[in-house]
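Q: Please take a close look at the aromatic rings in this model and how they are placed relative to one another. Then set them against the rest of the chain.

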Amino acid sequence: MFLSKLESLDNAVKLINDNQKVTEIEEIPLFEAHKRVLAEDIIAFHDSPPFDKSAMDGFAVIAENTFGASQSVPKELKIIDAIGAGDFSSKEMGENEAIVIATGAPIPEGANAVIMKEYTTTDGDELTIFSQVTPGENVSPKSEDIKKGEKILDKNTFIRYQEMGLIASAGYDTVKVFKKPKVKIIITGNELVEPTKEEIDKAKIINSNQFTIKSMVEDSGAVADILHAGDTFDEVKEAVLEASQEYDVILTTGGTAISKGDVVLDVVDDLGEILFHGVAIRPGKPAGAGVVNGKMVFTLSGQPVAAMSQFDMFARKYLFEMQGRSFEFHIQKRISQLKIPSQLGRTDFIRAVSDDENAKHVLNRGSGIIRSMVEANSYIIINENDEGYQKDDIVDVVFFDSLLW
C-alpha cells in the first residue's frame with residue numbers, strides 16, 4: 001500500500017509524536033544506573049558533607065591565633081591531638097592550640113580554620129606557623145554540597161557519571177529509572193546473505209543493515225533483537241504480529257518502495273494503522289510508520305544510507321522520548337564550501353564533513369554508498385522552503401555525535 005501524497009517531514013514527525021509512548025519504570029542498583037533516565041525526583045537523605053570538614057591536610061586551629069604570622073614573624077602553637085580520615089577528636093581546642101587533621105576529617109570543637117602543612121614546621125608537640133588563615137579558610141562547611149531534604153535532581157534527568165556521585169551522596173543505593181525499550185528489527189529481503197569472505201552468489205548482497213540499525217538502536221539507549229524475514233506477505237505478517245506482542249517498538253528494513261506490492265506496508269495496513277508512507281525527504285522518501293497492537297512500527301528503506309538517515313529523522317527521537325529523555329536536533333551554523341542544489345518542498349539531509357567554521361558535503365551521496373556515512377561527520381539540513389545553497393552561504397549542520405544517547 002502507498003499513500004500517494006508525500007508528507008512533509010514536520011507532519012510526519014508530528015504524527016509520530018502524537019503516538020509517543022513512555023516505557024514502564026523499574027528500580028535498579030545505582031551501579032547499573034549510568035546513562036539511564038531518572039523516573040523519580042532525588043531527595044537527599046543526608047547532608048553532604050555531614051559535618052564541617054577539612055579541605056586539606058594540615059592543622060586545625062583557631063584562625064584568630066594565627067593573625068600576624070609570616071615567614072619573618074612566625075608563631076608557636078601546641079599540638080594536642082591528631083585526627084585521621086574517618087576519625088574525630090573529642091578534645092576541644094583552646095587558645096594557641098592545634099590539632100593535626102587529614103583531608104575530609106571533621107573539624108574539632110573550637111577550631112574554625114585549617115592551616116596547610118606546607119606553611120608549618122613541627123618539633124614534637126610544638127608547631128611553628130609561617131602564615132595566617134582567616135575563619136573558615138580550608139574548611140568545607142556542613143551541607144555545602146547537599147542539604148538533607150533538598151531536591152537535588154529532577155525526574156527525567158539523564159544520569160551521567162556526575163549524577164551518579166550526587167545520587168550516591170544523597171544516600172541512594174537503588175534508583176527508579178525508565179526501562180530500556182525492547183526493539184525488534186525485522187530485516188526483509190530474499191537477496192540478503194550474512195557477511196562472508198567467500199565469493200557471494202550472483203544477485204545476492206551482504207546484509208549490512210542488521211549491524212548498522214542495531215547499533216543505532218543501542219546508541220539511542222534501547223536494546224534490540226534481529227530477525228531476517230523473506231519478502232512474502234505471510235512471513236512478514238507473522239514476524240510483525242509476534243514482535244508487536246513481545247516488543248515495544250518494531251523497525252523493519254526493505255519492502256517499502258513506493259510501488260505496487262510493498263510487503264511491509266501491506267502488513268502494517270492489514271494488522272493496524274499506517275500513519276504515513278512516503279515523506280518529502282532525501283534520502284529515504286519511502287519512509288513509513290504505523291501502529292500495530294499499540295506498538296510503533298518504523299518501516300525503513302533497504303538502502304543502507306537511506307535507512308540510517310530515516311532512523312535519525314524518525315526513530316531516534318521516539319526511542320529517546322520513550323525513556324523520558326527529550327531529543328531535538330542540535331543545529332549549528334557553518335559556512336558551506338560548495339554549492340548544494342535542492343528543490344522546494346523537500347527536506348534534504350546531506351552528508352557532510354564539518355569543522356568549527358565550515359561544512360563541505362560529501363560528493364558521492366547515493367543512498368547505497370555506506371562509505372559516504374563513514375567519511376561524513378554531520379548532516380547539512382536543507383529546509384523544504386529552500387532551493388539549496390550557494391558556496392559561502394550559512395547552512396544548518398547537525399553533528400552525528402550530538403545524536404548519540
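A: The answer starts with the rings and then turns to the chain, one sheet, two helices and one further residue.

The model is predicted, so to speak of local features a pLDDT of at least 70 is needed and side-chain atom pairs count only at pLDDT 80 or more, while totals for chains, interfaces and linings use all residues. Residues are numbered from 1 along each chain as its sequence is written, and side-chain values use heavy atoms, with hydrogens and water left out.

Rings of Phe, Tyr and Trp (its six-membered ring) count as a pair if their centres lie within 6.5 Å; planes under 30 degrees apart are called stacked, over 60 edge-to-face, and the rest tilted. The count by this rule is 10 aromatic pairs. In one of them, Phe45 and Tyr172, the ring centres are 5.0 Å apart and the planes stand at 50°, so this pair is tilted. Phe45 is in the loop between β2 (42-43) and β3 (53-54), and Tyr172 is in the loop between α2 (161-169) and β12 (174-178). The two are 127 residues apart, and their pair links distant parts of the chain. Helices (H or I, at least four residues) and strands (E, at least two) are DSSP runs, numbered from the N terminus.

For accessibility, buried means under 20% relative accessible area, exposed over 50%, and partly exposed in between, with a 1.4 Å probe and protein chains only. Phe45 has a relative accessible area of 48% and is partly exposed. Tyr172, at 13%, is buried.

Ring pairs also join Phe158, Phe320, Phe327, Phe329, Phe349, Tyr379, Phe400 and Trp405 into a cluster. A charge sits over a ring if NZ of Lys or CZ of Arg is within 6 Å of the ring centre and within 35 degrees of the ring normal. Arg325 lies over the face of Trp405, 5.0 Å from the ring centre. The charged end of Lys182 sits over the ring of Tyr247, at 5.1 Å from its centre.

The chain as a whole contains seven helices and 28 strands. Its radius of gyration (over C-alpha atoms) is 31 Å, well over the 22 Å that the globule rule (2.2 Å times the number of residues to the power 0.38) gives for 405 residues, so the chain is more spread out than a compact globule. The C-alpha trace spans about 95 × 50 × 45 Å along its principal axes. Of the 405 residues in the chain, 47% are buried.

Six strands form an open sheet of mixed pairing, in the order β7-β4-β6-β5-β9-β8. Two strands pair if DSSP finds at least two bridges between them. Its edge strands, β7 (113-116) and β8 (120-123), each pair on one side only. Strand β4 (residues 58-61) pairs with β7 in the antiparallel sense over four bridges. An aromatic residue appears here too: Phe59 stands opposite Ile115 in β7.

Contact means heavy atoms within 4.5 Å. In helix α3 (residues 209-218), the buried residues include Ile213, Met216 and Val217. The buried residues of α3 pack against β13 (182-188), β16 (223-229), β17 (249-253), β21 (295-300) and α6 (304-322). In helix α5 (residues 263-271), Val263, Val264, Leu265, Val267 and Val268 are buried. Their cover includes β13, β17 and β21, along with α4 (233-246).

Asn358 is in strand β25 (residues 358-361). Leaving aside neighbours within four places in sequence, Asn358 is in contact with Arg334, Ile335, Gln337 and Val353.
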